[in-house]
Amino acid sequence: MTDKYDAPSMLIGQGQRRFHAMAKPTGSACNLDCTYCYYLSKATLPNGPGSGRMSDEVLETFIKKYIEGVTGPEVVFSWQGGEPTLLGLDFFRKIIALEKKHAKPGQRI
């Protein structure tokens, strides 16, 4: 069964595709507490994202599918909020390793 949200498979043969998404791997656990933040209150919603952390399996799937979805020569990843201080450098080293693992030949990430 095909995932109805699997953009890469829906757009095969339609030329170059570029898009941008922003990931929040720690959800509403950001430690910046910006007054304009739309996301911090989501932790208390019933069945909301809570304050969990993106699992390694979900992280790799996200990176793999995101890269598959871009047919252009460059893939841009954005990580929002306080994740750099919450997750630390090892998290971002893991991201870089996964991006290299799943990059297409000649693609800049």
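**Starting from Glu60**

Let's begin with one residue: Glu60 has a relative accessible area of 24%, so it counts as partly exposed. Keep in mind as you look around that this is a predicted model. Glu60 is a handy starting point, as it has partners to follow up.

One partner is Lys101. Lys101 and Glu60 form a salt bridge, and their closest N and O atoms are 2.7 Å apart. This pair links distant parts of the chain, with Lys101 in helix α3, Glu60 in helix α2, and their positions 41 residues apart. How open to the surroundings is Lys101, exposed or buried? With a relative accessible area of 56%, Lys101 is exposed, because the cut-off for that word is over 50%.

Another partner is His102, which belongs to helix α3, residues 83–102. The side chains of His102 and Glu60 make a polar contact at 2.8 Å. His102 has a relative accessible area of 19%, so it is buried; the label applies because buried means under 20%. Leaving out residues up to four places away in sequence, His102 touches Glu60, Lys64 and Ile67.

Now zoom out to the whole protein. It has three helices and two strands, and if you walk along the sequence you meet them in the order α-β-α-β-α. Of the 109 residues, 30% are buried. The protein exposes about 7400 Å², and 57% of that comes from carbon and sulfur atoms. What about contacts between residues with a separation of 6 or more? Of these, 71% are between residues 24 or more positions apart.

Time to look inside. In soluble globular proteins, nonpolar side chains tend to be buried together. Here, the largest nonpolar core has 15 residues, and those with the most contacts inside it are Leu59, Ile63, Val75, Phe77, Trp79, Phe91 and Ile95. The elements that give two or more residues to this core are α2 (56–69) and α3. Which of them gives the most? That would be α3, with five residues.

Phe77, one of those core residues, deserves a longer visit. You'll find it in the loop between α2 and β2. Its relative accessibility is 15%, so Phe77 counts as buried. Not counting residues up to four places away in sequence, Phe77 touches Phe62, Ile63, Tyr66, Ile67, Glu99 and Ile109. Its C-alpha atom is also 7.1 Å from that of Met22, although the two residues are 55 residues apart along the chain.

Some of these neighbours are aromatic, so to speak of rings next makes sense: a search of the whole structure finds four aromatic pairs. In one of them, the ring centres of Phe62 and Phe77 are 6.2 Å apart and the planes sit at 75 degrees, so the pair is edge-to-face. Phe62 lies in helix α2 and Phe77 in the loop between α2 and β2 (78–79), so this pair ties together parts that are 15 residues apart in sequence. Phe77 also pairs with Tyr66: the ring centres are 4.6 Å apart and the planes are at 35 degrees, so this pair is tilted. It links distant parts of the chain too, with Tyr66 in helix α2 and Phe77 in that loop, 11 residues apart. Together, Phe62, Tyr66 and Phe77 form one aromatic cluster. How covered are the other two rings' residues? Tyr66 counts as buried at 4% relative accessibility, while Phe62 is partly exposed at 23%.

Finally, back to charges. Side chains of opposite charge can pair when their charged atoms come close. The structure holds six salt bridges. One joins the side chains of Lys94 and Asp56, at 2.9 Å from N to O. Lys94 lies in helix α3 and Asp56 in helix α2, so the pair ties together parts that are 38 residues apart in sequence. Both ends are partly exposed: Lys94 has a relative accessibility of 30%, and Asp56 has 41%.

Other salt bridges stay within a helix. Arg93 and Asp90 form one, with their closest N and O atoms 2.9 Å apart. These two both lie in helix α3, three residues apart, which is about one turn of the helix. Arg93 and Asp90 are both exposed. Lastly, Lys64, Lys65 and Glu68 are linked in a network of salt bridges, and you've already met Lys64 as a residue that His102 touches.

Notes:
Residues are numbered from 1 along each chain as its sequence is written. This is a predicted model: local features need pLDDT of at least 70, side-chain atom pairs count only at pLDDT 80 or more; totals for chains, interfaces and linings use all residues. Side-chain values use heavy atoms; hydrogens and water are left out. Helices (H or I, at least four residues) and strands (E, at least two) are DSSP runs, numbered from the N terminus. Buried means under 20% relative accessible area, exposed over 50%, partly exposed in between (1.4 Å probe, protein chains only). Contact means heavy atoms within 4.5 Å. Accessible areas come from the Shrake-Rupley method with a 1.4 Å probe; for residues, only the protein chains shown count as cover. A polar contact is a pair of N or O atoms within 3.5 Å; within protein, one must be able to donate a hydrogen and the other to accept it, and residues adjacent in sequence count only if both atoms are side-chain atoms. A nonpolar core is a set of buried Ala, Val, Leu, Ile, Met, Phe, Trp, Tyr and Cys residues joined through side-chain atoms within 4.5 Å. Rings of Phe, Tyr and Trp (its six-membered ring) pair if their centres lie within 6.5 Å; planes under 30 degrees apart count as stacked, over 60 as edge-to-face and the rest as tilted. A salt bridge is a side-chain nitrogen of Lys or Arg within 4 Å of a carboxyl oxygen of Asp or Glu.
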